[in-house]
Amino acid sequence: MFLIDNTPDLTGKTAVVTGANSGLGKETARALAQKGAHVIVAARDVAKGNQAVSEIKKELPNASLEVMELDLASLDSISKFVDSFSKNHQKLDFLINNAGLMAMPEGKTKDGFETQFGVNHLGHWALTGRLLPYLKKGSQSRIVTVTSSAHHMTPTINFRDPHLRKKYSAWRAYAQSKLANYYFALGLHRKFKAEKSPIKSLLAHPGLSKTNLQVETVKQGGAGRAGKISEDLVFKIGMSPEVGALSQIRAALDPEAKSGEFYAPRYFATGVPVTRPILRPFTNRAIKKLWKLSANETGVSI
């Protein structure tokens, strides 16, 4: 059984956790800090990031954390984040691509991308690409990308109309953004393997967890009937953020974890994290299309 206490000490390691001001991201930041890593709480709302750090430090007074502003809906913000990071840090050992939006009403990022695809995938693509030079300087660095079982809700990514401008659906947009996360992590794994790079790329699915993500989905009105069902399930069987975060924490900390592995709850939506098989078909073709689309949209090549 995976236990955080049984994982190696991380003193001297540096981690970036997106969306670490609350929920699963906050719990992941707490776990990394508990093991001795210096954790950068990457948050759009700096005040909320500072609050999260204060709460973690009440439990872990010696924890090493800092808050840095990062808005994944803005390529300019991502560029500024990396510039600021480079002034104080020479390397990066952990990148946890955790932040995300779910089933939101139709909207656009500051760069004109559909909000969910823009934040959940393209924002993390640009951030990862710009941080790769620092990850390469780390010691066996890891990139953990958070996906969802919702990636099974769509047969493919709409590469001709990825922003769903012709016909928008909140859940279709969310599903294809999570499928993009899935293919992104697998694509990184294959890239690192081909380059014989020690960097590991892993996937994590948190299952049903009682976090702000569920609350915001219903509040924004984008969820519809499917969202109401999801909300009911969360409050009936949903895990606490501390438990829900264990899939991504295990992907980051388990010394036995291998690049390309997928961690998810044992019982699909709840339970301790276990490895899951990679199921999606046509992966190679989809990854190549996603790489081309993402580079074209963001101007960041990986």
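**Exercise 1. Find the strand that holds S201, then describe the surroundings of S201.**

Step 1. Start with the strand: S201 sits in strand 6, residues 200-204. Helices (H or I, at least four residues) and strands (E, at least two) are DSSP runs numbered from the N terminus.

A quick word on ground rules. This is a predicted model, where local features need pLDDT of at least 70 and side-chain atom pairs count only at pLDDT 80 or more, while totals for chains, interfaces and linings use all residues. Residues are numbered from 1 along each chain as its sequence is written, and side-chain values use heavy atoms, with hydrogens and water left out.

Step 2. Now check the burial of S201. Buried means under 20% relative accessible area, exposed over 50%, and partly exposed in between (1.4 Å probe, protein chains only). S201 has a relative accessibility of 1%, so it counts as buried.

Step 3. Look for partners. The side chain of S201 reaches the backbone oxygen of A185 at 2.7 Å. Setting aside neighbours within four places in sequence, S201 is in contact (heavy atoms within 4.5 Å) with I143, A185, L188, H189, F192, S259, G260 and E261.

**Exercise 2. Work out where H89 lies and what its side chain pairs with.**

Step 1. Go to the loop between helix 3 (75-88) and strand 4 (94-97), and there you'll find H89.

Step 2. Is H89 buried or exposed? Its relative accessible area is 11%, so H89 is buried.

Step 3. The side chains of H89 and E66 are joined by a polar contact of 2.8 Å. That term means a pair of N or O atoms within 3.5 Å; within protein, one must be able to donate a hydrogen and the other to accept it, and residues adjacent in sequence count only if both atoms are side-chain atoms.

Step 4. Leaving out neighbours within four places in sequence, the contacts of H89 are T14, H38, I40, E66 and Y134.

**Exercise 3. Examine the phi angles of Q140 and K196.**

Step 1. Get the background: most residues other than glycine have a negative phi.

Step 2. Q140 has a positive phi, near 50 degrees, and is not a glycine. Q140 belongs to the loop between helix 4 (115-135) and strand 5 (142-146), and with 56% relative accessibility it counts as exposed.

Step 3. K196 is not a glycine either, yet its phi is positive, about 55 degrees. Look for K196 in the loop between helix 5 (170-194) and strand 6; at 76% relative accessibility, K196 is exposed.

**Exercise 4. Trace what P198 touches.**

Step 1. P198 is in the loop between helix 5 and strand 6, and it is partly exposed, at 48% relative accessible area.

Step 2. Apart from neighbours within four places in sequence, P198 is in contact with Q140 and S141.

Step 3. Try a distance too: the C-alpha atoms of P198 and S139 are 8.0 Å apart, with their places 59 residues apart along the chain.

**Exercise 5. Describe the second largest pocket.**

Step 1. On a 1 Å grid over the protein atoms alone, where a 1.4 Å probe fits, a pocket is an open set of points with protein on both sides within 12 Å along at least five of seven lines; lining residues have an atom within 4 Å of a point.

Step 2. How many residues line the second largest pocket? There are 15, and L10, F94, S139, Q140 and R142 lie nearest its centre.

Step 3. Sort the lining by class: six nonpolar, four polar and five charged residues. Here Ala, Val, Leu, Ile, Met, Phe, Trp, Tyr, Cys and Pro are nonpolar, Asp, Glu, Lys and Arg are charged, and the others, Gly among them, are polar.

**Exercise 6. Step back to the whole chain.**

Step 1. The protein chain has ten helices and eight strands.

Step 2. Of its 302 residues, 58% are buried.
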